[in-house]
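The following report goes through a protein model with its ligand, from the binding shell to the helices, the core and the loops. Please keep the sequence and the coordinates at hand while reading.

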Amino acid sequence: MTYLSSNQLKQYEDEGFVSPINIFSKDKAKKIRDEIELIEKEMPEELEKSGRYNAHLISPLLDEVAHNSKILNAVESLIGKNILICSTTLFIKNPNEKGFVSYHQDAKYIGLEPLNWVTAWVAITDSNEHNGCMRMWSGSHKDDLKIHDQKFNEGNLLTRGQTVKNVPKEKTKALILKAGQMSLHHPKVVHGSDINHSNDRRIGFVIQSYIGTNVKQVLGKNSVQLARGIDKFNFHERIERTKSLMNKNDLKIKKKENDYLQEIFYRGSEKKGTY
Ligand SMILES: O=C(O)CCC(=O)C(=O)O
């Protein structure tokens, strides 16, 4: 189940995203939140800054999400049946912080080519206009890649504060999700998100991205996990799935992978941001 319907495929084709898609229950989402918060309590710096990447390598519940068959069925509808998991990111916006995401296109800086890949944004808490859900510029994935300013601005949760100018706000759509739902978005769709004005955290676990086995990393190196199918290309090194929470060896692998990501994200940049 949960292969995308023809209406959902049309939404993706026309708008560059499909949302909302039910994945797991609110109770399951709460258990996942508890596991994230346990890691934060036991290892206060582990998920901070560039540590927010690849938490699925140290958390069995996030690993389960990344390999969830409902998500993979939907992803298969878009990129085919041979699927790799290439990095994940926790996008957390705490209340009383000024975190936002400037409008950008993922394909501009992630280095994955060809664009046979898709990002899954999984809501671990509700995500809505009050707490800073993602907004998508509907249809913008049909255009070329746009010029991005690099702003390194305070509060921006993107590495370099990559920003597309003059986004017509009236053409953007809020992706409102309940905890346990997800959205899928195209590598070229312009999207961003505002500040969290609520008094609770907004947590998104983002598989960024699911890539077809034919996709290369052209800016550096990423290791991957096989999520489904077969990989006859073998472009990437493989990482084992975690078997236990905060396992010492997994923590080392996560660190190594995140160092690779820093090289990709800051390639050619004179300055380095927070993430
Ligand atoms: O979580 C957010 O607000 C933005 C996430 C994002 O930009 C992405 O998933 O590509």
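Helices (H or I, at least four residues) and strands (E, at least two) are taken here as DSSP runs, numbered from the N terminus. The model is predicted, and for that reason local features need pLDDT of at least 70 and side-chain atom pairs count only at pLDDT 80 or more, whereas totals for chains, interfaces and linings use all residues. Residues are numbered from 1 along each chain as its sequence is written.

## The shell around the ligand

A residue is near a molecule or strand if its C-beta atom, placed from the backbone, lies within 6 Å of it. The ligand is surrounded by Phe 91, Val 101, Asp 106, Thr 119, Trp 121, Met 134, His 191, Ser 193, Gly 204, Val 206 and Gln 208. Two or more residues of this shell come from each of strand S6 (117-123), strand S12 (191-193) and strand S13 (202-212), and S13 gives the most, with three residues. By class the shell around the ligand divides into five nonpolar, five polar and one charged residue, where Ala, Val, Leu, Ile, Met, Phe, Trp, Tyr, Cys and Pro count as nonpolar, Asp, Glu, Lys and Arg as charged, and the others, Gly among them, as polar.

## Helix H2 and its packing

Helix H2 (residues 26-42) has 17 residues and reaches 24 Å from its first C-alpha to its last, close to the expected 24 Å; the expected span of a helix is 1.5 Å times one less than its number of residues. A residue is called buried if 20 or more other C-beta atoms lie within 10 Å of its own, exposed if 12 or fewer, and partly exposed in between, with C-beta atoms placed from the backbone. In H2 the buried residues are Ala 29, Ile 32, Glu 35 and Ile 36. Seen down the axis of H2, these buried residues fall within an arc of 120°, so they line one face of the helix; the arc is that of the directions from the helix axis to the C-beta atoms. On the other side of H2, Asp 27, Lys 31, Asp 34, Lys 41 and Glu 42 are exposed.

Two residues are in contact if their C-beta atoms, placed from the backbone, lie within 7 Å. The buried residues of H2 pack against helix H3 (60-66), strand S3 (88-93) and S13.

## The nonpolar core

In soluble globular proteins, nonpolar side chains tend to be buried together. A nonpolar core is defined as a set of buried Ala, Val, Leu, Ile, Met, Phe, Trp, Tyr and Cys residues joined through C-beta atoms within 7 Å. The largest such core has 65 residues, and those with the most contacts inside it are Val 75, Ala 120, Val 122, Ile 124, Met 182, Leu 184 and Tyr 210. Leaving aside neighbours within four places in sequence, Ile 124 is in contact with residues including Ala 29, Ile 32 and Ile 36, which are also among the buried residues of H2. Val 75 belongs to helix H4 (residues 69-79), in which Ile 71, Leu 72, Ala 74, Glu 76, Leu 78 and Ile 79 are buried as well. Just after H4, Gly 80 takes a positive phi of about 95°.

## Loop residues and backbone geometry

The table sets out the burial of some loop residues.

| Residue | Burial | Other C-beta atoms within 10 Å |
|---|---|---|
| Leu 175 | buried | 25 |
| Lys 165 | exposed | 10 |
| Lys 49 | exposed | 11 |
| Asn 54 | buried | 28 |

Leu 175 is found in the loop between strand S10 (172-174) and strand S11 (181-185). Not counting residues up to four places away in sequence, Leu 175 touches Phe 17, Ser 19, Cys 133, Met 134, Met 136 and Ser 183. Of these, Met 134 also belongs to the ligand shell, and Ser 19 is joined to Pro 20 by a cis peptide bond with omega of about -10°. Pro 20 lies in strand S1 (residues 17-22). A cis peptide bond also joins Gln 208 and Ser 209, with omega of about 20°; Ser 209 lies in strand S13, and Gln 208 is one of the residues surrounding the ligand.

Lys 49 lies in the loop between H2 and H3, as does Asn 54. Lys 49 has a positive phi of about 45° although it is not a glycine, and Asn 54, likewise a residue other than glycine, has a positive phi near 60°.

Lys 165 is placed in the loop between strand S9 (162-164) and S10, and Lys 171 is found in the loop between S9 and S10. The C-alpha atoms of Lys 171 and Ser 138, 33 residues apart along the chain, are separated by 6.2 Å.
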